[in-house]
Amino acid sequence: MERAFDTQVAGVRMRAPMMSIHTVAAGGGSILHFDGARYRVGPDSAGANPGPASYRRHGPLTVTDCNVMLGKIQPQFFPPVFGANGDAPLDAGEVRRRFGALALEIKNRTGDSRTPEQVAEGYIDIAVGNMANAIKQISVCSADTTLTEYTLCCFGGAAGQHACLVADALGMTRVFIHPLAGVLSAYGMGLADITAMRETAV
């Protein structure tokens, strides 16, 4: 398998051998930013703790919260495992309140009047663009490849929420989502061979 020895992820340079995988910091935990003029998604992430605002741990607004705001994630279909005691549902009310405040801030600072739903949709568009550009970088930019002939293979907890949007952005017509997509990274890590690579100067 192809390996890289000098990689850069979200602006951080690493000099360690790893598989040649292009990583983009865009996922469900990516934090939403507004700098007074433009929207930005990531590269920093809320992770699992504190997690998105909807997790009831006072986390920031993230891409996951956008999907809660837009009704793509519905709290009643999620197990009540959130909050300080791990027994509460996702907090859609807090998400609506935060997006309402963000929409008001955007209007006050730019004069651009948008509904909270439109603000959430704008952030989703940016996140999808980040994901699509990452795929273009390792395919179209590195070889004479047309993406329309390929199938988009997805993994991660947020894969199903964005797969069709990413495929549309790339002109792809097929999407494959593995039954274990939500835990595929951890599952793969558990199945991976343990290897050691050492080098010395002679």
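**Exercise 1. Surroundings of Glu2**

Task: In this predicted model, determine which residues Glu2 touches, not counting residues up to four places away in sequence, and whether Glu2 is buried or exposed.

Solution: Begin with the contacts. With residues up to four places away in sequence set aside, Glu2 touches Met18, Met19 and Ser20. Next, place the residue in the chain: Glu2 belongs to the segment before β1 (3-4). Then consider accessibility. The relative accessible area of Glu2 is 62%, and exposed means over 50%; therefore Glu2 is exposed. Finally, a distance may be added: 34 Å separate the C-alpha atom of Glu2 from that of Gly51, which stands 49 residues apart from Glu2 along the chain.

**Exercise 2. Elements and overall dimensions**

Task: State how many helices and strands the chain has, and in what order the elements run from the N terminus.

Solution: The count comes to five helices and eight strands. Read from the N terminus, the order of the elements is β-β-β-β-β-β-α-α-α-β-α-β-α. For the dimensions, the C-alpha trace spans about 60 × 40 × 35 Å along its principal axes. As for burial, 33% of the 202 residues count as buried. Contacts along the sequence complete the description: among those between residues at least 6 apart, 51% join residues at least 24 apart.

**Exercise 3. Confidence of the prediction**

Task: Identify which element of the chain has the lowest mean pLDDT and which has the highest.

Solution: Start with the whole chain, where the average pLDDT is 84 and 94% of the residues score at least 70. Turning to the elements, the lowest mean, 73, belongs to strand β2 (residues 7-9), and the highest, 92, to helix α1 (residues 63-69). As a general caution, predicted coordinates should not be read in detail where pLDDT is low.

**Exercise 4. The packing of α3 and α4**

Task: Decide how helix α3 is oriented relative to helix α4, and which residues of the two helices meet.

Solution: First, take the geometry. Helix α3 (residues 116-138) packs against helix α4 (residues 159-170) at an angle of about 60 degrees, and their axes are 9 Å apart. This angle makes α3 oblique to α4. The crossing in which α3 passes α4 is right-handed. Second, list the residues. From α3 come Ile124, Val128, Met131, Ala132, Ile135 and Lys136; they meet His162, Leu165, Val166, Ala169 and Leu170 of α4. Third, sort them by class: the contact of α3 with α4 comprises nine nonpolar residues, one polar and one charged.

**Exercise 5. Backbone particulars**

Task: Establish which residues a cis peptide bond joins, and where Arg56 and His58 lie.

Solution: Recall the general background: most residues other than glycine have a negative phi, and most peptide bonds are trans. The cis peptide bond joins Gly42 and Pro43, with omega about 5 degrees. Pro43 is part of strand β6 (residues 39-45).

Now examine phi. Arg56 is not a glycine, yet its phi is positive, at about 65 degrees. His58, also a residue other than glycine, has a positive phi near 65 degrees. Arg56 is located in the loop between β6 and α1, and His58 is located in the loop between β6 and α1 as well.

The last step concerns accessibility. Buried means under 20% and exposed over 50%, with partly exposed in between. Arg56, at 32% relative accessibility, therefore counts as partly exposed. His58 has a relative accessible area of 76% and so is exposed.

Key: Residues numbered from 1 in each chain as written. Predicted model: local features only at pLDDT ≥ 70, side-chain atom pairs only at ≥ 80, totals over all residues. Heavy atoms only, no water. pLDDT = per-residue confidence, 0-100. Helix = DSSP H or I, 4+ residues; strand = E, 2+ residues; numbered from the N terminus. Axes fitted to C-alpha atoms, helices over the stretch in contact; angles between N-to-C directions. Parallel < 35°, antiparallel > 145°, perpendicular 65-115°, else oblique. Left-handed = near helix turned anticlockwise from the far one by under 90°. Contact = heavy atoms within 4.5 Å. Nonpolar A, V, L, I, M, F, W, Y, C, P; charged D, E, K, R; others polar. Buried < 20%, exposed > 50% of the residue type's maximum accessible area, 1.4 Å probe, protein only.
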